[in-house]
Amino acid sequence: MSETYDFLFKFLVIGSAGTGKSCLLHQFIENKFKQDSNHTIGVEFGSRVVNVGGKTVKLQIWDTAGQERFRSVTRSYYRGAAGALLVYDITSRETYNTLTNWLTDARTLASPNIVIILCGNKKDLDADREVTFLEASRFAQENELMFLETSALTGENVEEAFLKCARIILNKIDSGELDPERMGSGIQYGDASLRQLRQPRGTQSQTKQQCSC
Amino acid sequence: MERAMEQLNRLSRSLRRARTVDLPEDNETAVYTLMPMVMADQHRSVSELLSNSKFDVNYAFGRVKRSLLHIAANCGSVECLVLLLKKGANPNYQDISGCTPLHLAARNGQKKCMSKLLEYSADVNICNNEGLTAIHWLAVNGRTELLHDLVQHVSNVDVEDTMGQTALHVACQNGHKTTVLCLLDSGADINRPNVSGATPLYFACSHGQRDTAQILLSRGAKYLPDKNGVTPLDLCVQGGYGETCEILIQHHPRLFQTVIQMTQNEDLRENMLRQVLEHLSQQSESQYLKILTSLAEVATTNGHKLLSLSSSYEAQMKSLLRIVRMFCHVFRLGPSSPTNGNDMGYNGNKTPRSQAFKGCWLPQIKGLAVQFLMEPLELLWHSLDEWLALIATELTKNRSDSSSSIASLLLIQKGASQQDPASPCPSDVIGAESSGELAATPRESLSHELVEKPDAGADGEDVISVTANRLSAVIQAFYMCCSCQMPLGMTSPRFIEFVCKHDDVLKCFVTRNPKIIFDHFHFLLECPELMSRFMHIIKAQPFKERCEWFYEHLLAGQPDSDMVHRPVSESDILLVHRDSIFRSSCEVVFKSNCQKLKQGIAVRFHGEEGMGQGVVREWFDILSNEIINPDYALFTQSADGTTFQPNSNSSVNPDHLNYFRFAGEILGLALYHRQLVNIYFTRSFYKHILGIPVNYQDVASIDPEYAKNLQWILDNDISDLGLELTFSVETDVFGAMEEVPLKPGGSSILVTQENKAEYVQLVTELRMTRAIQPQINGFLQGFHMFIPPSLIQLFDEYELELLLSGMPEIDVQDWIKNTEYTSGYERDDPVIQWFWEVVQELTQEERVLLLQFVTGSSRVPHGGFAYIMGGSGLQNFTIAAVAYTLNLLPTSSTCINMLKLPEYPSKEILKDRLLVALRCGSYGYTMA
């Protein structure tokens, strides 16, 4: 029947066109590189249940189109997001330069508590690098973002990016900084906590059998 | 049994003679002597008989191999039971199904027998063949008092039957509260799973045992799914047990979200979940608001998923609409207020749309709260708006600039989404599709080279084809949400504004894919002002589709639209007299409630038994014949002798307007219930029903001569003829000639070559409409009680006839036999041969269209094609040759029943052109 999880987090993936947002999502969900990726039309959707700090969290991820013409459509998805991956391409300074625009959008349209992680994608193309790690991490620090360099091709840091973001949100929930019950928080409770006892019962009957042997 | 009776007789005879009988020697005979006595607990007689006999008290007899002790325990014959036990009967003797006397005593609640059996150390732990023990039996029937006595003797209160079920399971399933408490107090395992993993709580929930669930939860029962992952909540929702759900949520607040999330399940029983939500929403105002907000959030997420092009359109669309339906349903209920909280409780028979109730809450929450409720959905509507705006921009860009990159992007996207993600070579898959350029392009260069390539005309269409369905479904959801905030029958101004704003895009959607109208644009049927914008597209759709849409919407307002003909209560049966069918039907129909008649009709003829659909059909048939009975002077026959229209002189019958209303009601009712009537009206009257203006050709059906004159006026230059016609006519009102002006001051306005068209139109309207306007109005008043004008306008006059009077049978052989050929055609010409071959291949509906196309009537007169009437008497169906030019369509002259068939070069072309003509022919009427 319905899926089992403790929390559901709504995530966004934003950033300029061609930075590899859809590939990051594909790598995260399918565990492989999306070969024939095209420009995203509007907003695409993906989800995966992950384990973070002993909790099962379902990530509901909205992968937005980077092209300017879709900006008005994609903006309507910002509200109620708990976390966001802000993606640029390390081989394209232009995509790095537009980060402030994306950041402004996210800060103004999404919840003020939104947790944003900056992802410098296409790490595998180090030879063509136009944005240094140091520069970007300074930008991240100034804007209170977490930062990782990722590669949707090799999968390096992809999982980490999503999990790191989820972990921070969980921490904020634990510390009371975030209230999942509040509307527009982008967080929902699942009913997994009610079901956790199912597992021990199974193991119990197994041990019983072993004893009787 | 026979033997028992015989024994009994013998016994009673001997008793009467005041002599004791001896027990027969053999056990089998003896046991049948004793059994009736044991059943009646005649312990003295039994004791006497047993005293000197060698009878084996443990003798098992009958099909189930029971002993007399079983019989005693079963019947509660406690004296006999003790006697038998004293005589050494085995208290633990098991019958063929493994039941001991204790089992039977427990099952039947024989308290005394049970305690005696225990005294004689009956074993309480014995299982029967199904694994049931005495406590199972007590638990099944909720015999708590007995259970109290028994449970102290039980070694394991959790003893399982073959299905792993304990007494607690069965007690919970049956909702025996005190039994459950007793078992729990005796140490029963509250979380014990059976073989399929079902716990006591699971059982309580599966049967909606609210109180039992409450007890279990307050005693700390765990919320556990079974081995298939089915949870207690799933079961509650499946069964529509709102109260039990409420208890679960009280103990596990997070289950609330789970219930809300269930709205997304495809395999859900929607009405059950709706019942649950209905119940939950009535608990408190805050609960009501919380449900709506949560539903709004789920709907928004689903709507956004639907707008993601890679999601499944079908599944997401259904999911979104289902959630929004539930949202609207709950919204309309309103929160319960303390005063009516009690009678709004869950009992299945409340009326959710009670107007009084609605009236009292709506104003309260209207302001701030509605805004709050709808807020999550506003995000979705905002996205929808942006999407439509985006498409509008692309469309204009497309029109001005031939190379649009978004269009080609969409083209690529489409190709990509068609291919299996696992498939390594996309070009093969795409190659099979229409887009040739795409297939030829190597994968690496897909992104930019292509942008300039594809031709623009098709691209704009492609933007729409990938998004139109999805956006339209969201529009439908938007309409539903707007409507639920409005009083029934009113369209939200916000929605109207929305449609007007996106007019271009929406028209583009439906022009491209008219199916969208039927799938999602139901709002059109409810708002005439919006409908008119789309009417031309709708009317161009196949009759069948419009028919389905018509009925789908006609019945949608019914509370139980899934049950078409419900059993009707005695008082709702229309009792009519055969000998005064018109008057008696009129009486009962006027007395009946329109809503009830919509739900179903049941007719019974006075003094007859028969009921059911056959009688209803017969009633419509006879009654429709009576309605046109000339004795009532309501309808007159037209010139062709088969069709009818209101009689302008019907006022001879003083109550005539009421009768017209009745006739309208009967026709409306028949259409509503898909019953056919035996009346054919004139083309012009069908137009009146549809609200379509009549034209001069319609006059032909009532006065062919007059129609010819009008035609002549139109066809010829009248300037120099000195007709001296003015805009007035003389009419015959019961013998007296009266001059009636066609427009103000008409008698002094001359008809000239310039204004003759107006004259013809006005004179037509006078003859066809104004003369019978009160009658038409009366008829429509009745008709619209069942058929809203907005719905009937989906059809034209030909189709309305088909709907009301059905499809006539057409005998093609008879048709061929009575057809003439002219202007060069001969019977053996290949074109004629092809023509008839094509006619044979046509569907019945298409043949009717052909007949209508040529003769203006869908029916063959009595006696067949030999009796087809033309403008002036009998006029055979005729086919005339016309020289063929490319794409030329067949035409017809209906007043002389002539088909003008071009000399087509092949059968294929003939068929194709003919079908085109038939499909368009009904709409555009050009005078040939």
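Where does Cys895(B) lie in chain B? Let me start there. Cys895(B) sits in the loop between strand 11 (891–893) and strand 12 (898–902) of chain B. The reason to care is the UniProt record: an unreviewed entry annotates Cys895(B) as "active site". Keep in mind that this is a predicted model, and that the annotation comes from the record. So how does the residue sit in the model? Cys895(B) counts as partly exposed because it has 19 C-beta neighbours inside 10 Å, and the cut-off for buried is 20 or more.

Staying with chain B, let's go to helix 37, residues 683–690. Of its 8 residues, 7 are buried, so this helix is largely enclosed by the rest of the structure. The buried ones are Arg683(B), Ser684(B), Phe685(B), Tyr686(B), Lys687(B), His688(B) and Ile689(B). And what do those buried residues of helix 37 of chain B pack against? In chain B, the partners are strand 4 (644–646), helix 39 (756–768), helix 40, helix 41 (789–792) and helix 42 (797–805). Right after helix 37 of chain B comes Gly691(B), with a positive phi near 80°.

Helix 40 of chain B comes up again, this time with helix 36. Helix 36 of chain B covers residues 656–672 and helix 40 of chain B residues 773–783; their axes come within 6 Å and cross at roughly 40°. That angle is why we call helix 36 of chain B and helix 40 of chain B oblique to each other. The crossing of these two helices of chain B is right-handed. On the helix 36 side of chain B, the contact residues include Leu657(B), Phe660(B), Phe662(B) and Leu667(B). Helix 40 of chain B brings, among others, Pro774(B), Phe779(B), Leu780(B) and Phe783(B). Sorted by class, the contact of helix 36 with helix 40 of chain B has 9 nonpolar, 6 polar and 2 charged residues.

Here's another helix pair. Helix 17 (residues 270–281) and helix 18 (residues 285–307) of chain B pack at about 140°, with axes 8 Å apart. Helix 17 of chain B is therefore oblique to helix 18 of chain B. Leu277(B), Leu280(B) and Ser281(B) from helix 17 of chain B meet Gln287(B), Tyr288(B) and Ile291(B) from helix 18 of chain B. By class, the contact of helix 17 with helix 18 of chain B has 4 nonpolar, 2 polar and no charged residues.

Now the repeats. The unreviewed UniProt entry puts "repeat: ANK" on residues 64–96, 97–129, 130–162, 163–195 and 196–221 of chain B. Take two of those spans. For 97–129 of chain B, the end C-alpha atoms lie 5 Å apart, and the span is 48% helix and 0% strand. For 196–221 of chain B, the ends lie 18 Å apart by C-alpha, with 62% helix and 0% strand.

Last, chain A. Chain A has 213 residues, and 47% of them count as buried. There are 7 helices and 7 strands in chain A, and from the N terminus they go β-α-β-β-α-β-α-α-β-α-β-α-β-α. Taking contacts in chain A between residues at least 6 apart in sequence, 74% join residues at least 24 apart.

One residue of chain A to finish: Glu142(A), in helix 5 (residues 133–142) of chain A. Is Glu142(A) buried or exposed? Glu142(A) is exposed, because just 8 other C-beta atoms lie within 10 Å. Ser185(A) is 43 residues away from Glu142(A) along the chain, and their C-alpha atoms are separated by 24 Å.

Notes. Residues numbered from 1 in each chain as written. Chains lettered and ligands numbered in written order. Predicted model: local features only at pLDDT ≥ 70, side-chain atom pairs only at ≥ 80, totals over all residues. Helix = DSSP H or I, 4+ residues; strand = E, 2+ residues; numbered from the N terminus. Buried ≥ 20, exposed ≤ 12 C-beta atoms within 10 Å, placed from the backbone. Contact = placed C-beta atoms within 7 Å. Axes fitted to C-alpha atoms, helices over the stretch in contact; angles between N-to-C directions. Parallel < 35°, antiparallel > 145°, perpendicular 65-115°, else oblique. Left-handed = near helix turned anticlockwise from the far one by under 90°. Nonpolar A, V, L, I, M, F, W, Y, C, P; charged D, E, K, R; others polar. UniProt positions renumbered as here; feature names shortened; annotations may be inferred.
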